[in-house]
Amino acid sequence: MKMSIAQDLPTHQAPLSLLPTRRGLLALAVGAALAGRRAAAAEPTVGEDGLYHEPWFLQSFLDLREDLESAAAGGKRLAIMWELRGCPYCRETHLVNFADAGIASYIRDNFEVLQLNLIGSRKVTDFDREELAEKDLARKYGIRFTPTFQFFPPSADGLDVKDAMVREMARAPGYLKPPHFLAMFRFVRERAYERGSFRDFLAANG
C-alpha cells in the first residue's frame, strides 16, 4: 500500500449496545446545543483558540483509535486538519474551500474531520496509546505547515505497531485550491493511493 503525499503539487506553506457510549452522549449534547439554530449557523465560527470551527467537524474525546473506529462504523474515513491561529491559508480553507457546498457536502458524507492545533496543549491519545499534547503529537508526525491534512487507513488494525510516519495513506501539507482540495478527498475515499500517486490521480481525472 503506497502512501501518497500532496507535496508534488504547488502549495502555499504557511445494533451495538443499547447503553449510551461516551461518543453518543457527546453527540446528544452537541445536538441539543445546536437545536433551533437557523441555516446561517452552518457558517464557521472563530473559537477562543483563534481557529475557525466548522459546525460539522468531529466532536472528539481526542482518542485517535476511537475516532477512526467510529468513523469506520459510519462508513467514513478519518482526516485530521492541523491549523494555527492567524494562519491565512487556514482561513482560506474555511471561507473558500469549505464554503463550497459541493465540497463541504462530499467531505461531510465521507469523512470525519478532527481539527487539531499545531501549538495546542490539549491531550490526544495516539493509535499506540501514547498521550501527547497537540503540539507534541504534531512534532511526532512531522507536521510543519498549516493547514495540513492527514488521512488514515479505513481500519486502525496494526497502526499501533507502525512508525508514526507510515501510518497515513496520504497527506496534504499546505493550502490546495478547491478543485485539487476536493480531488485529494476523492483520492482517499476511492482508495486511489493503492494504484498510484495523487499526481497520477489528477492526471487521470482531469
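Biologist: Hi! Which residues have the most contacts inside the largest nonpolar core?

Modeller: Those are I107, F151, M184 and F187, in a core of 27 residues. Keep in mind that this is a predicted model.

Biologist: Noted. Which elements give two or more residues to that core?

Modeller: Strand 4 (77-83), helix 4 (101-110), strand 5 (111-117), strand 8, strand 9 (170-173), helix 6 and helix 7 do. Helix 6 supplies the largest share, with six residues.

Biologist: And what does F151 touch, leaving out residues up to four places away in sequence?

Modeller: F151 touches L78, A79, F111, E168, M169, A170, R171, M184, F185 and V188. Two of those partners, E168 and R171, also form a salt bridge with each other, with the closest N and O atoms 2.5 Å apart.

Biologist: Nice. Is R171 buried or exposed?

Modeller: R171 is buried, with a relative accessible area of 10%. E168 is buried too, at 1%. Both values fall under the 20% cut-off, so both residues count as buried.

Biologist: Back to cores for a second. Which residues does the second one include?

Modeller: That separate core has 21 residues, and L58, F127, Y141 and I143 are among them. F127 is also in contact with R65, a residue of helix 2 (residues 64-73).

Biologist: What else is R65 in contact with, apart from its sequence neighbours?

Modeller: Besides F127, there are R129, A156 and D160, leaving aside neighbours within four places in sequence. R65 has a salt bridge as well: its side chain meets that of E69 at 3.6 Å, N to O.

Biologist: How far apart are E69 and R65 along the helix?

Modeller: They are separated by about one helical turn, because they sit four residues apart in helix 2. R65 is buried at 18% relative accessible area, whereas E69 is partly exposed at 42%.

Biologist: How many salt bridges turn up in the whole structure?

Modeller: The search finds 13. One of them joins the side chains of R139 and D136, at 2.6 Å, N to O. Both of these residues lie in helix 5, three residues apart, which is about one turn of the helix. R139 is exposed at 60%, and D136 is partly exposed at 28%.

Biologist: Which residues are linked in a network of salt bridges?

Modeller: D126, D128, E130, K140 and R167 are.

Biologist: Switching to the backbone: where is the cis peptide bond?

Modeller: It joins T146 and P147, with omega at about -5 degrees. P147 is in the loop between helix 5 (134-140) and strand 8 (148-151).

Biologist: Which loop holds R129, the contact of R65 you listed?

Modeller: R129 is in the loop between strand 6 (123-125) and strand 7 (131-133). Its phi is positive, about 75 degrees, although R129 is not a glycine. R129 is partly exposed, with a relative accessible area of 47%.

Biologist: And what is phi for R191?

Modeller: Phi of R191 is near 55 degrees, again a positive value in a residue other than glycine. R191 lies in the loop between helix 6 (178-189) and helix 7 (198-204), and is partly exposed at 34%.

Biologist: Last one, the overall picture: how many helices and strands are there?

Modeller: Seven helices and nine strands. Of the 206 residues in the chain, 44% are buried. The chain exposes about 10,600 Å², and carbon and sulfur atoms supply 54% of that.

Technical notes:
Residues numbered from 1 in each chain as written. Predicted model: local features only at pLDDT ≥ 70, side-chain atom pairs only at ≥ 80, totals over all residues. Heavy atoms only, no water. Buried < 20%, exposed > 50% of the residue type's maximum accessible area, 1.4 Å probe, protein only. Areas by Shrake-Rupley, 256 points an atom, 1.4 Å probe, with all protein chains shown as cover. Core = buried A, V, L, I, M, F, W, Y, C linked by side-chain atoms within 4.5 Å. Contact = heavy atoms within 4.5 Å. Salt bridge = Lys/Arg side-chain N within 4 Å of Asp/Glu carboxyl O.
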